[in-house]
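Thank you all for coming; I would like to walk you through one chain this morning, beginning with a single position and working outwards. Please have the sequence and the model open while I talk.

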Amino acid sequence: MRVLLIGANGYIGRFVADRLLADPAVQLTALGRGDDADVRFDLATGSPGALTRFLDAVHPGVVVNCAGATRGGARELTRHNTVAVATVCEALRRSGCGARLVQVGCSAEYGPSQPGSSTAEDAVPRPGGPYGVSKLAATELVLGSGLDAVVLRVFSPAGPGTPAGSPLGRLAEAMRRAMQSGDGELRLGGLGAQRDFIDVRDVARAVHAASLSAAQGVINIGSGRAVRLRDAAATLARVAGYGGALHELDGPPGALRPTIGHPRTESVGHRVDALGHHRTDALGHHRPDPLGSRGERTDSEHAAPHPYPDGCGSWQQADVRTARDRLGWRPRIALEESLADIWMEAACRI
């Protein structure tokens with residue numbers, strides 16, 4: 001089976017590539033913007049005609065799209081998450097390869113949900129931010145394309161390679177700094193949100209299963225269990241061997257709170273953010289800042305990008321019965337193992 005993987009260098013794409021390469025029946029070609037891609041092509045600026053010619057030459061049986069942007073303003077997110085998918089769909093329609101499309105979507109497409117509920121695929125999407133809107137638009141393009149296609153709506157991926165800007169990545173980094181400096185107290189903000197964490201390696205297994213299946217439409221990929229961030233913090237402290245006290249900072253719902261990790265310092269009344277930031281909260285929401293998290297100028301001088309876009313309110317939990325029934329897929333890796341891998345990487349960071 002010839003598989004064309006788009007976005008093989010991304011967080012999810014790297015593990016999808018590993019999973020597909022482990023299948024001896026798969027012949028994998030990686031397409032992307034990086035120098036290490038088999039074929040260099042920018043979906044956001046490349047033409048459907050150019051991509052069609054490549055598809056006709058390679059003739060893949062499956063195209064897996066893991067590419068996309070999680071940071072930036074609405075214009076950048078639309079270009080990389082929506083326009084790029086429109087290019088893929090149009091190229092596949094024009095091509096004679098007849099490839100199946102597996103699109104990696106995101107639970108941010110759903111937006112906030114009722115606490116205690118499990119979100120099924122037939123829920124009406126109400127994304128709470130530009131990232132979710134751009135991903136939902138991509139899903140609608142795929143579903144309306146007439147192609148043999150499936151969209152996997154991935155909930156909150158975790159495990160090795162977790163981005164440092166995500167809630168779990170920030171937790172691990174804050175804890176590492178606290179342990180390194182010998183702080184016996186770690187003050188944490190914004191840990192009331194509950195998310196459905198799913199290990200990125202389980203996501204890769206789902207993509208592989210979707211590539212081999214005939215399932216179409218939208219399929220949720222999650223653990224089926226919401227976990228409060230404060231409980232994840234306690235588990236992370238246990239696997240890290242952090243014996244200090246964890247104190248949660250209180251604040252009104254929706255208010256901007258100090259970022260994860262404010263250890264007690266020698267100077268009374270002055271606490272230094274363990275991440276060295278003063279403008280982010282625990283969920284990665286930025287105060288206005290003309291520079292992005294990587295020191296790059298953003299599209300707007302008054303709105304910094306979200307390093308971990310969410311807009312999903314206080315609760316998200318996936319109904320994963322469709323994945324079980326149509327893909328034969330179930331999550332295998334427990335959150336504690338995912339957190340242990342996150343901690344291993346953070347602990348090795350200099």
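Gly-189 has a relative accessibility of 0% and therefore counts as buried, where buried stands for under 20% relative accessible area, exposed for over 50%, and partly exposed for what lies in between, with a 1.4 Å probe and protein chains only. Gly-189 belongs to strand β8, and its C-alpha atom is separated by 5.5 Å from that of Glu-248, although the two residues are 59 residues apart along the chain. When I speak of helices and strands, I mean DSSP runs, with H or I over at least four residues for a helix and E over at least two for a strand, numbered from the N terminus.

I should say at once that this is a predicted model, in which local features need pLDDT of at least 70 and side-chain atom pairs count only at pLDDT 80 or more, while totals for chains, interfaces and linings use all residues. Residues are numbered from 1 along each chain as its sequence is written, and side-chain values use heavy atoms, with hydrogens and water left out.

As for the chain as a whole, there are nine helices and 14 strands, and 54% of the 350 residues count as buried. Taking contact to mean heavy atoms within 4.5 Å, residues 24 or more positions apart account for 77% of the contacts with a separation of 6 or more.

Let me turn to helix α5, residues 167-181, whose 15 residues reach 21 Å from the first C-alpha to the last, close to the 21 Å expected at 1.5 Å a residue; the expected span is 1.5 Å times one less than the number of residues. How enclosed is α5 by the rest of the structure? Eleven of its 15 residues are buried, so α5 is largely enclosed. Among those buried residues are Leu-168, Arg-170, Glu-173 and Arg-176. The partners against which the buried residues of α5 pack are strands β7, β8, β10 and β13, together with helices α7 and α9. Just after α5, Gly-182 takes a positive phi of about 75°.

Helix α7 can be described along similar lines. Its twelve residues should span 16 Å at 1.5 Å a residue, and its end C-alpha atoms are indeed 16 Å apart. The buried residues of α7 are Leu-229, Ala-232, Ala-233, Thr-235, Leu-236, Ala-237 and Ala-240, and they pack against α5, β8, β10, β12, β13 and α9. Here too a glycine follows, since just after α7 Gly-241 has a positive phi of about 75°.

A positive phi is also found at His-59, near 55°, and this is a residue other than glycine. His-59 sits in the loop between α2 and β4 and is partly exposed, with a relative accessible area of 41%.

Next comes a pair of helices. The axes of α3, residues 74-94, and α4, residues 130-143, come within 9 Å and cross at roughly 10°, the axes being lines fitted to C-alpha atoms over the stretch in contact, with angles from 0 to 180 degrees between N-to-C directions. That makes α3 roughly parallel to α4, a description used for angles under 35 degrees, whereas those over 145 count as roughly antiparallel, 65 to 115 as roughly perpendicular and the rest as oblique. The contact involves, among others, Leu-77, Val-85 and Cys-89 of α3, and Tyr-131, Lys-135 and Leu-141 of α4.

Finally, the aromatic side chains. What kind of pair do Tyr-110 and Phe-155 form? They form a tilted pair, 6.1 Å centre to centre with 35° between the planes, by a rule in which rings of Phe, Tyr and Trp (its six-membered ring) pair if their centres lie within 6.5 Å, planes under 30 degrees apart being stacked, those over 60 edge-to-face and the rest tilted. Tyr-110 lies in the loop between β5 and α4 and Phe-155 in the loop between β6 and β7, so the pair ties together parts that are 45 residues apart in sequence. Tyr-110 counts as buried at 3% relative accessibility, and Phe-155 does so at 2%.

Two further residues belong to this picture. Ser-107, in the loop between β5 and α4, is buried at 4% relative accessibility and, leaving aside neighbours within four places in sequence, is in contact with Val-154, Phe-155, Cys-312 and Gln-316. Thr-119, placed in the loop between β5 and α4, is buried at 7%, and its contacts, not counting residues up to four places away, include Tyr-110, Asn-220 and Asp-319.
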